[in-house]
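Here are some short exercises to work through with the structure open beside you. Try each task before reading its solution.

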Amino acid sequence: MGTISRADVTDAAEILALQKLAYVSEAEIYEDDDIQPLKETLDEVETAFKHHVFLKYVQNGKIVGSVKAIEKDGTCYIGKLMVHPDCQNKGVGKQLMNEIEQQFPNVRFELFTGGKSTRNISFYEKLGYKGYKHEKSPIEETVFLYMEKIKK
């Protein structure tokens, strides 16, 4: 078992390293090594800490999962949920999603995932998210499925 806590900018390099490892499987689905998560720089991740809440899942002293979110106009935008490949399918992602949602009460949640990423889509659907539009990324060739969750 691990623990979830708020990450800070000193965690940025470890989160970026995890991101580059975790998103290889997405790059393989799309046969595109040029996806944004694999190109993101440390400066970009550090800058995101100024406006986003980052959570980290730590196990045996290492960050093995992370997610970030930001609220704007009553919508919480969740991004970059990632889990180390060795720790996937063990509840880490679900715990991170539950915790990030608790950080933002009384809002609509929105996220996106690759339209061909059937495992991700199924995972988010199990958490109550529903797809509502497909849209091509402005910075890469991926067509994303945008999903939302409205808590009653």
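## Exercise 1: Two unusual backbone angles

At 81% relative accessibility, Asn 106 counts as exposed, where exposed means over 50% relative accessible area, buried under 20% and partly exposed in between (1.4 Å probe, protein chains only). A word on the source: this is a predicted model, in which local features need pLDDT of at least 70 and side-chain atom pairs count only at pLDDT 80 or more, while totals for chains, interfaces and linings use all residues. Residues are numbered from 1 along each chain as its sequence is written, and side-chain values use heavy atoms, with hydrogens and water left out.

**Task.** Find where Asn 106 lies, then do the job again for Lys 80.

**Solution.**
- Step 1: Asn 106 sits in the loop between H5 and E5. Helices (H or I, at least four residues) and strands (E, at least two) are DSSP runs, numbered from the N terminus.
- Step 2: look at the backbone of Asn 106, and you'll find a positive phi near 60° in a residue other than glycine. Most residues other than glycine have a negative phi.
- Step 3: Lys 80 isn't a glycine either, and has a positive phi of about 50°. Lys 80 belongs to strand E4 and counts as buried, because its relative accessibility is 15%.

## Exercise 2: The chain as a whole

**Task.** How many helices and strands does the protein chain have, and what pattern do they follow?

**Solution.**
- Step 1: count 6 helices and 7 strands.
- Step 2: reading along the sequence gives β-α-α-α-α-β-β-β-α-β-α-β-β.
- Step 3: check the size. The radius of gyration, taken over C-alpha atoms, is 15 Å, which agrees with the value near 15 Å for a compact globule of 152 residues; the globule rule is 2.2 Å times the number of residues to the power 0.38.
- Step 4: the C-alpha atoms fill a box of roughly 40 × 40 × 30 Å along the principal axes, and 45% of the 152 residues count as buried.

## Exercise 3: Strand partners

**Task.** Which strands pair with E7?

**Solution.**
- Step 1: recall that two strands pair if DSSP finds at least two bridges between them.
- Step 2: E5 and E7 run antiparallel, joined by 7 bridges. Here Leu 111 stands opposite Met 147 in E7.
- Step 3: strand E6 (residues 130–136) also pairs with E7 in the antiparallel sense, over 6 bridges. Lys 133 has Tyr 146 in E7 as its bridge partner.
- Step 4: follow the chain from E6 to E7, and you pass through a hairpin of 6 residues.

## Exercise 4: Around Lys 39

**Task.** Which residues does Lys 39 touch, not counting residues up to four places away in sequence?

**Solution.**
- Step 1: find Lys 39 in helix H3. Lys 39 counts as partly exposed, because its relative accessibility is 43%.
- Step 2: list the contacts, meaning heavy atoms within 4.5 Å. Lys 39 touches Lys 20, Asp 34 and Glu 44.
- Step 3: take Lys 20, which is 19 residues from Lys 39 along the chain; their C-alpha atoms are separated by 8.3 Å.
- Step 4: zoom out to the protein chain. Among contacts with a separation of 6 or more, 59% are between residues 24 or more positions apart.
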